[in-house]
Amino acid sequence: MESNAYVDYGYLRQLVFNVSQNVLDASRDYLFETRLTRVLRNQGMSHLNELVHKLRAQKDAALEREVAEAMTINETSFFRDLRPFELLRQELLPKIIEARRSRRTLRLWSAACATGQEACSLAMLLLEHFPMLVGWSITIEGTDISSEVVQRAQAGRYQRIEINRGLPARHLVRYFDHVGEDWIVKPEVRKLCCFRQANLCGPSLPFKRAGDCFDVIFLRNVMLYFDLPTRRNLLAGIHRLLAPDGVLFLGSSEQPAEMALWTPVLAGGTCHFRPRQPS
Ligand SMILES: C[S@@+](CC[C@H](N)C(=O)[O-])C[C@H]1O[C@@H](n2cnc3c(N)ncnc32)[C@H](O)[C@@H]1O
């Protein structure tokens with residue numbers, strides 16, 4: 001197939017939207033070339049046209065997913081934006097822990113966890129500052145649409161460049177093992193975290209509320225990829241999964257689409273959201 005033949009980027013953008021609800025800007029169509037290199041190689045193809053042709057010719061849900069996942073942006077780091085973690089440590093978690101004293105259960109969710117640094121940061125925060133939680137049932141769920149990043153999160157293996165971004169030196173020493181060129185999270189961190197693939201925009205969210213809602217949800221730096229109806233729908237689902245006294249953190253430039261459901265709280269130089277209860 002001709003390398004300079006017309007590529008139907010509109011088709012690819014629509015495909016990505018259908019699978020992951022990520023809205024890609026036409027001005028960044030050039031990203032398809034670089035991000036889909038591996039998909040093309042796996043398919044034994046050399047040009048995007050061939051891929052579009054194949055996708056059009058016959059429905060292939062696995063290949064569609066592979067394309068959509070390859071187009072996700074998985075940027076993350078340990079203790080990203082620091083302030084939410086500090087606020088949790090100083091103010092929010094002590095109150096939540098006090099309120100859960102008789103149940104001795106805590107559930108946190110890093111929704112769109114990418115390679116797992118956010119969930120691991122929460123685990124380290126709990127281990128480092130809340131020794132009274134020994135013996136509690138603690139779960140930090142990490143979910144992401146991309147199977148590749150979820151596998152990396154499950155492996156808990158990080159390169160020096162990832163470690164250098166945001167991880168305090170004392171945490172590195174205490175919570176990681178140096179293996180070859182990389183660093184691997186120790187079992188005490190890993191056992192608090194549970195990573196799996198899940199689409200935040202599928203027909204239903206990956207958790208059902210059956211008495212075990214979340215105390216803390218991090219939904220950071222993902223809503224910017226969604227359109228307004230998708231954000232609205234997602235935030236309504238998140239609202240149902242959050243405990244009445246739970247807290248939601250969004251990315252520093254993000255806002256709930258539907259403010260009627262949320263009370264924004266400015267504290268600790270950051271903003272978090274409390275679920276409003278129907279009156
Ligand atoms: C920029 S990263 C944010 C990671 C982390 N929350 C943080 O703030 O550091 C965005 C993540 O959202 C994931 N994502 C995009 N669309 C998604 C969807 N529909 N469902 C679940 N995850 C999605 C991507 O795979 C990517 O790993």
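Buried means under 20% relative accessible area, exposed means over 50%, and partly exposed lies in between (1.4 Å probe, protein chains only). The model is predicted: local features need pLDDT of at least 70, side-chain atom pairs count only at pLDDT 80 or more, and totals for chains, interfaces and linings use all residues. Residues are numbered from 1 along each chain as its sequence is written, and side-chain values use heavy atoms, with hydrogens and water left out.

**Exercise 1. A pair within one helix**

Task: Find where Arg 89 and Glu 86 lie, and say whether each is buried, partly exposed or exposed.

Solution:
- Start with the bond. A salt bridge needs a side-chain nitrogen of Lys or Arg within 4 Å of a carboxyl oxygen of Asp or Glu. Arg 89 and Glu 86 form one, at 2.9 Å from N to O.
- Now place the pair. Both residues sit in helix α6, three residues apart, about one turn of the helix. Helices (H or I, at least four residues) and strands (E, at least two) are DSSP runs, numbered from the N terminus.
- Check exposure. Glu 86 has a relative accessible area of 29%, so this residue is partly exposed. Arg 89, at 26%, also counts as partly exposed.

**Exercise 2. Pairs that span the sequence**

Task: Which parts of the chain does the pair Arg 100 and Asp 215 tie together?

Solution:
- The closest N and O atoms of this salt bridge are 2.7 Å apart.
- Arg 100 is in the loop between α6 and β1 (105-111), and Asp 215 is in strand β7, so the pair ties together parts 115 residues apart in sequence.
- Both Arg 100 and Asp 215 are buried.

Task: How far apart in the chain are Arg 220 and Asp 81?

Solution:
- Their side chains meet in a salt bridge of 3.9 Å, N to O.
- The two residues are 139 residues apart, Arg 220 in the loop between β7 (214-219) and α12 (228-241), Asp 81 in the loop between α5 (61-70) and α6 (83-99).
- Arg 220 is buried at 4%, whereas Asp 81 is partly exposed at 39%.

**Exercise 3. Two domains**

Task: How much area do domain 1 and domain 2 bury between them?

Solution:
- Take the bounds from the automatic or database domain assignment: domain 1 is 9-70 and domain 2 is 83-275.
- Buried area is the accessible area (1.4 Å probe) that two parts lose on being put together, summed over both. Here the figure is about 750 Å², 43% of it on carbon and sulfur atoms.
- Count the salt bridges between the domains: there is one.
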